[in-house]
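The following note is written for a colleague beginning to read protein structures. Please keep the sequence and the model in view while going through the points.

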Amino acid sequence: MLLAAPPAELPRHTRHTVVVPGAPAGRLARVRAAGLAVCAEEFRLGEVTVAAPVRGPAGTVAALGVTVPTGVPLDRAAAVRAAATRVRPPVPPPSP
């Protein structure tokens, strides 16, 4: 929802924040392909956030994310993706 109606100007939180028009679309395509998003100091200096989708029967229902200090090896990011695949959202009861 937030990406469907972005503000007229993207806010810059740090010097790493991506604010170039059109750049987020390309990054979203790479995130979809990888099944993993990495935000390296884009919101707060000294922090890296890694997030993976939690999928249910109807598609993506949430995201599982972890924020760590900059410098933690990102090879551990795969653990976030693996954990997100193990999360099972509740299945709603069938309609009457």
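1. This is a predicted model. Its open sheet consists of 3 strands, arranged in the order β1-β2-β3 with antiparallel pairing. The edge positions belong to β1 and β3 (59-69); each has a single partner strand, so one side of each is left without a neighbour in the sheet. From one strand to the next, the twist averages 20°.

2. As general background, the strands of a sheet pair through backbone hydrogen bonds, in either a parallel or an antiparallel manner.

3. The pairing of β1 with β2 should be examined next. These strands run antiparallel and are joined over 4 bridges. Within this pairing, C39 is found opposite T49 in β2.

4. How many bridges link β2 and β3? The two strands pair over 10 bridges, again in the antiparallel sense. Here V54 faces A62, a residue of β3.

5. The connection between β1 (37-40) and β2 (47-56) is a loop that contains E41. The hairpin formed by β1 and β2 has 6 residues between its strands. Within that hairpin, E41 adopts a positive phi near 60°. This deserves notice, as E41 is a residue other than glycine with a positive phi value.

6. Is E41 buried or exposed? The relative accessible area of E41 is 18%. Buried means under 20%, and E41 is therefore classed as buried. The reader may wish to locate E41 in the loop between β1 and β2 and to compare the backbone angle with the burial described here.

How values were computed. Residues are numbered from 1 along each chain as its sequence is written. This is a predicted model: local features need pLDDT of at least 70, side-chain atom pairs count only at pLDDT 80 or more; totals for chains, interfaces and linings use all residues. Side-chain values use heavy atoms; hydrogens and water are left out. Buried means under 20% relative accessible area, exposed over 50%, partly exposed in between (1.4 Å probe, protein chains only). Two strands pair if DSSP finds at least two bridges between them. Axes are lines fitted to C-alpha atoms, for helices over the stretch in contact, and angles run from 0 to 180 degrees between N-to-C directions.
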